[in-house]
Amino acid sequence: MQFLAYILVYPFLWLISILPFPILYFFSDLLYFIVYGLIGYRKKVVKSNLKLVFPEKSEAEIKSIMKGFYHHLCDMILETIKSMTISKNEMRKRMRFENIEVMQTIAEEGQSIALMCGHYGSWEWLMIMQEHFTNHKGYVIYKRLANPYFDRLVKRIRAKYDSYLITTKEAVPTISQAKTKGEHIIGGFAADQSPKANKAYHWNSFMGINVPMYTGAEMLSKKFNLAVVFCGVKKIKRGYYSTHFQLITNEPSTFPNYQITDKFMELVENQIKEDPQYYLWTHKRWKHKDRIPTKMTK
């Protein structure tokens, strides 16, 4: 059944991916009408999240952010599909790296990197960055898709840009093996979403609300001495993004536990406050806000 779903959907996705951008965004507008206007996909979750973290904003302001978010979400969906066939030259024009030298300096010194970003702007198109680092292999931590055929498709798209998807369980053995071989890596972590409350070791404020936080990127950075770099993404205009890199530390073991995680979440929060419509509001990020932490911060 999963294979049938794949062979039925794949040709449709491929046809969308070869569309010129003006037509692609026409379909994005149509998708927005369906997702926001007709279906109302997760509108209650989005509105609840926004009202929770922006209690000072009026109903009109919340609605404006919601509309902006759904427009951006539909653009992101179509842009992700476009990744199947987009050329590297076209991607380079649309995803600009403003201060890539921050990353290059670390790479030239022979240190592996933990690149941390939020679910903000366009995190999918960041994969083109890997072409700047011929001596560092790129890995992205992800959650495996339920359909194995679509899962392989996503991996193939990433591999075109020398970036490889690995699960959380694969992260330690993969990085360990690379270190044993004397290889350097860039590990991509979108670590701003909500872990299970009963498995969280650290809770802190995010957008003014006490929530559990993922600490895996920090743990791996300390275990393997990875320089920690934050990647902020800014939407310039439709289909065009710029990034800015900020070194958090190249000596992670010197930081007290969870300070790296807290700094990362602070930087994500700053992005959201500047342009909130570009954050992934459909995720139930604050669902554990009323829970009592089951594990104490160490």
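In the predicted model, Ser 28 is found within helix α2, which spans residues 21–39. The relative accessible area of Ser 28 is 1%; because buried status requires a value under 20%, this residue is classed as buried. Leaving aside residues up to four places away in sequence, Ser 28 is in contact with His 71, Cys 74, Asp 75, Leu 78 and Arg 238. Gly 216, by contrast, lies 188 residues from Ser 28 along the chain, and the C-alpha atoms of the two are separated by 35 Å.

Thr 134 presents the opposite case with respect to solvent accessibility: Ser 28 is buried, whereas Thr 134 is exposed. The relative accessible area of Thr 134 is 74%, and the residue is therefore assigned to the exposed class, for which the value must be over 50%. Thr 134 is placed in the loop that links β2 (113–117) to β3 (136–141). A separation of 28 residues in sequence divides Thr 134 from Asp 162, and their C-alpha atoms are 9.1 Å apart in space.

Charged residues at the surface were also examined. Arg 42, Lys 143, Lys 169, Lys 196, Lys 199, Lys 284 and Lys 287 together form a positive surface patch. One of these residues, Lys 169, is located in helix α8, comprising residues 168–180. Lys 169 has a relative accessible area of 79% and is accordingly exposed, as is Thr 134 in the loop between β2 and β3.

Technical notes:
Residues are numbered from 1 along each chain as its sequence is written. This is a predicted model: local features need pLDDT of at least 70, side-chain atom pairs count only at pLDDT 80 or more; totals for chains, interfaces and linings use all residues. Side-chain values use heavy atoms; hydrogens and water are left out. Helices (H or I, at least four residues) and strands (E, at least two) are DSSP runs, numbered from the N terminus. Buried means under 20% relative accessible area, exposed over 50%, partly exposed in between (1.4 Å probe, protein chains only). Contact means heavy atoms within 4.5 Å. Patches are made of residues with over 30% relative accessible area and no salt bridge: like charges are joined within 9 Å, nonpolar side chains (Val, Leu, Ile, Met, Phe, Trp, Tyr) within 5 Å. Accessible areas come from the Shrake-Rupley method with a 1.4 Å probe; for residues, only the protein chains shown count as cover. A salt bridge is a side-chain nitrogen of Lys or Arg within 4 Å of a carboxyl oxygen of Asp or Glu. Lys and Arg count as positive and Asp and Glu as negative; His and the chain ends are not counted. The place of a charge is taken as NZ of Lys, CZ of Arg, CG of Asp or CD of Glu.
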